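Dear colleague,

Here is the structure I said I would pass on. My notes on the sheet, the helices beside it and one of the pockets follow.

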Amino acid sequence: MSEDHISEEAPPEVHHYNEIGEVPWDIQNYWAQRYRIFSKYDEGVWLTDDAWFGVTPEPVANKIADHIAKYAPEGRSILVDAFAGAGGNTIAFALSGRWKRVYAIEKNPAVLKCAKHNAKIYGVDHKITWFEGDCFDVIKNQLKVLGPYSVLFASPPWGGPGYRYDEIFDLSTMEPYSINTLFTEYSMFTDQIVLYLPRTSDVRQLAKYVKGTEQATVMHYCMEGASKALCVYYGDFRGPSTD
Ligand SMILES: C[S@@+](CC[C@H](N)C(=O)[O-])C[C@H]1O[C@@H](n2cnc3c(N)ncnc32)[C@H](O)[C@@H]1O
């Protein structure tokens with residue numbers, strides 16, 4: 001870890017837990033998997049207690065970054081990560097080396113500090129432009145002109161752990177942003193959109209946003225034989241199904 005990391009001051013809601021005794025009970029399961037979430041955890045990774053629940057584990061984030069890098073249309077050189085969280089996906093996008101610039105938006109200031117700090121640990125902070133604020137506002141007011149050159153990735157909140165118990169997850173009632181809100185807002189910015197959603201998401205609802213006879217690809221991302229989540233790819237992504 002560089003001096004720079006050590007000298008940084010963490011806000012009070014940000015932690016780096018070293019021992020199980022320090023970890024709140026509801027996070028202990030996540031903490032036990034800390035190296036799968038961030039392989040460089042011991043280098044001083046920061047998380048807020050809430051961020052543990054939403055962070056994309058590193059192998060999954062790397063696989064998604066790899067797929068987007070490979071399958072996105074060539075003319076797209078910017079990756080916008082609308083919900084950066086603690087940086088799981090943002091770091092993977094920056095590490096992929098595919099993007100001229102990664103733009104990362106997060107509305108919670110403490111969580112954004114975690115993402116910036118974690119990106120430094122992974123050596124990619126300089127490849128990322130950070131925005132603190134509401135992604136819909138930032139995209140509309142600060143990034144609008146970049147739309148035609150961008151791929152938009154969004155890993156929105158899923159409305160708490162309830163999604164785990166639904167056989168089919170109703171994306172129209174997803175809190176706080178429904179599939180309709182996400183798609184409508186983002187499609188005003190770009191037509192290359194990737195959404196990271198619960199594994200049980202209703203694919204019929206996803207299909208509604210496919211234009212005419214175009215196609216969307218749904219890809220499940222698995223760890224140890226079980227789907228963790230899925231991504232739906234809207235736009236001109238080449239992929240296993242179109243190769
Ligand atoms: C599921 S987490 C993202 C996790 C991230 N992909 C990672 O790997 O760390 C969702 C994040 O979106 C943030 N958020 C919620 N509403 C937002 C909004 N309107 N604009 C920007 N960020 C928002 C939350 O604070 C939360 O950190």
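A term to begin with: two strands count as paired if DSSP finds at least two bridges between them. Please keep in mind that this is a predicted model.

The sheet. Seen this way, the model has an open sheet of 7 strands, in the order 5-4-3-6-7-9-8 and with mixed pairing. Strand 5 (128-132) and strand 8 (216-223) each have a single partner strand, so they stand at the edges and one side of each has no neighbour in the sheet. On average, neighbouring strands are turned by 20° against each other, direction ignored.

At one of these edges, strand 5 pairs with strand 4 (residues 101-106) in the parallel sense, over 5 bridges. Glu106 has Glu132 in strand 5 as its bridge partner.

The helices. Helix 5 (residues 58-71) packs on the sheet and touches strand 3 (78-81), strand 6 (150-154), strand 7 (193-197), strand 8 and strand 9 (226-234). The direction of helix 5 makes about 150° with that of strand 8. Helix 7 (residues 109-121) lies across strand 4 and strand 5, and runs at about 170° to strand 5.

The pocket. What is the volume of the second largest pocket? The value is about 160 Å³. Its lining is made up of 14 residues, and those nearest the centre are Asp191, Lys211, Glu214, Tyr234 and Gly235. By type, the lining of this pocket divides into 5 nonpolar, 5 polar and 4 charged residues.

Regards

Terms used: Residues numbered from 1 in each chain as written. Predicted model: local features only at pLDDT ≥ 70, side-chain atom pairs only at ≥ 80, totals over all residues. Heavy atoms only, no water. Helix = DSSP H or I, 4+ residues; strand = E, 2+ residues; numbered from the N terminus. Axes fitted to C-alpha atoms, helices over the stretch in contact; angles between N-to-C directions. Contact = heavy atoms within 4.5 Å. 1 Å grid on protein atoms, 1.4 Å probe; cavity = no way out; pocket = protein on both sides within 12 Å on 5 of 7 lines; lining within 4 Å. Points joined across faces, edges and corners; volume = space filled by probe spheres on them. Nonpolar A, V, L, I, M, F, W, Y, C, P; charged D, E, K, R; others polar.
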